[in-house]
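Notebook open. I want to see how the helices pack, which chains touch and where charges pair up.

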Amino acid sequence: MSESSSHAEAHVKIQDVTFYRGTRRIYDGLNVAFPRGKITAIMGPSGTGKTTLLRMIGGQLRADKGQVLVDEADVGKMSRSDLFELRKNKMGMLFQTSGLFTDLNVFENVAFPLRVHTNLSENMIRDLVLMKLEAVGLRGAREMMPAELSGGMIRRVALARSIAMDPELIMYDEPFTGLDPISMGMILRLIKGLNEALGLTSLLVSHDVDESCQIADYLCILSEGKVIGFGTPDELRNGDNAEVRQFLNGDPDGPVPFHYPAADYREDLMAGDPS
Amino acid sequence: MIESIRNLGRAGVDSVASMGRAGNLFVQSITWGGPGSAGFLDFIRQIHSVGVRSLSIIVVAGFFVGMVLALQGYNILIKFGSVSALGTMVSLTLLRELGPVMAALLFAGRAGSALTAEIGLMKATEQLSAMEMMGVDPLKRVITPRLWAGIISLPILALLFSTVGIWGGAFVAVDMLGLYDGAYWSNMQNTVMFTEDVLKGLFKALVFGLVVTWIAVYQGYDSEPTSEGIGKATTKTVVISSLAVLGLDFILTAVMLGGV
Amino acid sequence: MRMRNVEFMVGGFMVMGIIALVLMAFRVSGLSTDAVGDTYTIKARFENLGGLTDRAKVSLAGVTVGRVTNVTLDKEYYAAVVEMEIDSSMNVLPSDTSAAILTAGLLGEKYIGLSVGAEMDYLKEGDWVQDTQSAIVLEELISRFLFNKAEG
């Protein structure tokens, strides 16, 4: 299942990862490698812990067992300061709700990481911020406050902010949810464009099969804590895994049953007499 | 039966774990410095939103409390023919007890709840996570300046509460009830001790400031990232910190007076 | 611009705090600056203080001229020793000046009242006031009154 990615060097490797949330097991011996410089879409039914996977790569959650390697360094074993160093220089993440600072305007939001992490002059910061804002097409909105922006614009500002420090790896958590078709098109173009222009390794968590297939080099399909399919969209669509095909085609019934496991329907109805 | 014992046990374990998390938060955020640490300006901004914005409620409340104390005190003391002790009574009550305690309770309602809601909202809108992923430690950036602003602000607010209260008492005693102005002040000056009464009261306020702010930032930071969770956390902040202030007040008073 | 406003208000807040502390120190708890340096200390022995405490006023002809600084017990005479700081501008107290513990009003505070004598030399640092009159204890006064009644 990973021959297709063997030609590209892995940027992020998940090895034998087990993760529990409370007593519920989210991952059980998960193994997957994300190739450098490519867009990989991580997909799967709701509740399979796709966001959890991103948070483990970012070091916000630690695996109970196994290793999460970013550039061959185990994120789970890093000290707090090493972790912050890694995030500052190597990683960017776009959150589902964007996480823009509501008390800062667009310009200051994008300038935030630069101001915190660098000693650049005000002029340099201005130039860099305007470059990033231009890349997402919002140079004209720099004075606006987050509350005045539309959902699509908010996500683009957040994107500009997460690439402000020129990361090597960028993670998108559900970047398409709640967007109108035009905004969706813009975000798609941006993700693809950034990947091509900067050679960013992009990890994309999404439910939207069509959109993801448009831009992703690889798909990684998760189900019940395991990878059930990894490959290019075409490979998977024509593959022999019924569950993967069900997911990609959006069939209501199949290997993932329509009915949640339950007792026999007739018996269940009969058992309802009051006692 | 077994179910309820199990629930009780779980609640116990949860609250111990919660205290552990609160302790961890305190240790990590009480010192300055670290990835993306807040600067002096952030600190100033927080003193503004925590302290300056609580000023009006503190001053108004202090004035009324002082007036009521003088009115009640006058009516009691006049029966014993010792209205000259009114100034002493008003000032000692305010400096030792009501100043720090009332200021802390008002502070919990005004600034504490606002802190919890603000931090809870930052968490729910993933601003804290975003910060973390930008290599900025939210504990150092967000919590530290707020914690210190609370520690610094409450003693000042308590002091202002007492001051306004004493002058409010003077207003009632001297201007409304016609007490001789010198009797109000000179008796007070003879009895009130700067270190014993003023400084010990300030120390109480310092402790309350620390505890109330700590509870507020912890509840915000640990809240469920939903609007319902933030609402619950805000209520918890006010309830827990009010009780903590009253309980601690007894302990501190007992230790300071050395009577118990 | 907005930040300057914030800074200004926080500065004002701090200044208010300091002013309040100063008011507390001088107006409310009656610390006075001139107490240090330009005073001299005299002592007096009393049989009974009747509730006189530190920082009580020392007055002459109704004007405050000093404060009580220390109260100790003299083990030899079984009497109280009161040290008082007198304003150095009042350095002309005759050496046979007497001191009495008085009460302001019926239930008011206790203070020391000085009455001047006629000697030509004056009290100096560390001198003793020889002639003292203890506090009038209400219970004693009442019992004496009753005793006299019974005799007469």
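I started with H7(B) and H1(C), which are roughly perpendicular to each other (angles of 65 to 115 degrees count as that, under 35 as roughly parallel, over 145 as roughly antiparallel and the rest as oblique). Helix H7 covers residues 181–191 of chain B and helix H1 residues 2–28 of chain C; they pack at about 100°, with axes 8 Å apart. Axes here are lines fitted to C-alpha atoms, for helices over the stretch in contact, and angles run from 0 to 180 degrees between N-to-C directions. Helices (H or I, at least four residues) and strands (E, at least two) are DSSP runs, numbered from the N terminus.

I then listed who makes this contact (heavy atoms within 4.5 Å): B:Trp185, B:Met188 and B:Gln189 on H7(B), with C:Phe26, C:Arg27 and C:Val28 on H1(C).

Note to self on the model: it is predicted, local features need pLDDT of at least 70, side-chain atom pairs count only at pLDDT 80 or more, and totals for chains, interfaces and linings use all residues. Residues are numbered from 1 along each chain as its sequence is written, chains are lettered from A and ligands numbered from 1 in the order in which they are written, and side-chain values use heavy atoms, with hydrogens and water left out.

Next, the chains. Two pairs touch, and chains B and C make the most contacts. Chains A and C do not touch, and their nearest C-alpha atoms are 13 Å apart.

Inside chain A, I looked at helix H5 (residues 151–162) and helix H6 (residues 181–198), whose axes come within 9 Å and cross at roughly 15°. H5(A) and H6(A) are therefore roughly parallel to each other. A:Gly152, A:Arg155, A:Arg156 and A:Leu159 of H5(A) meet A:Ser183, A:Met186, A:Ile187, A:Leu190 and A:Leu194 of H6(A).

Last, salt bridges (a side-chain nitrogen of Lys or Arg within 4 Å of a carboxyl oxygen of Asp or Glu). I found 21 over all chains. One of them joins A:Glu9 and A:Arg36, with the closest N and O atoms 3.0 Å apart. A:Glu9 sits before strand E1 (10–21) and A:Arg36 in the loop between strands E2 (24–35) and E3 (39–43) of chain A, so this pair ties together parts 27 residues apart in sequence. A:Asp71 is linked with A:Glu9 and A:Arg36 in a network of salt bridges.

In chain B, I noted B:Glu196 with B:Lys200, closest N and O atoms 3.4 Å apart. They are four residues apart in helix H8 (residues 194–221), so about one helical turn separates them.
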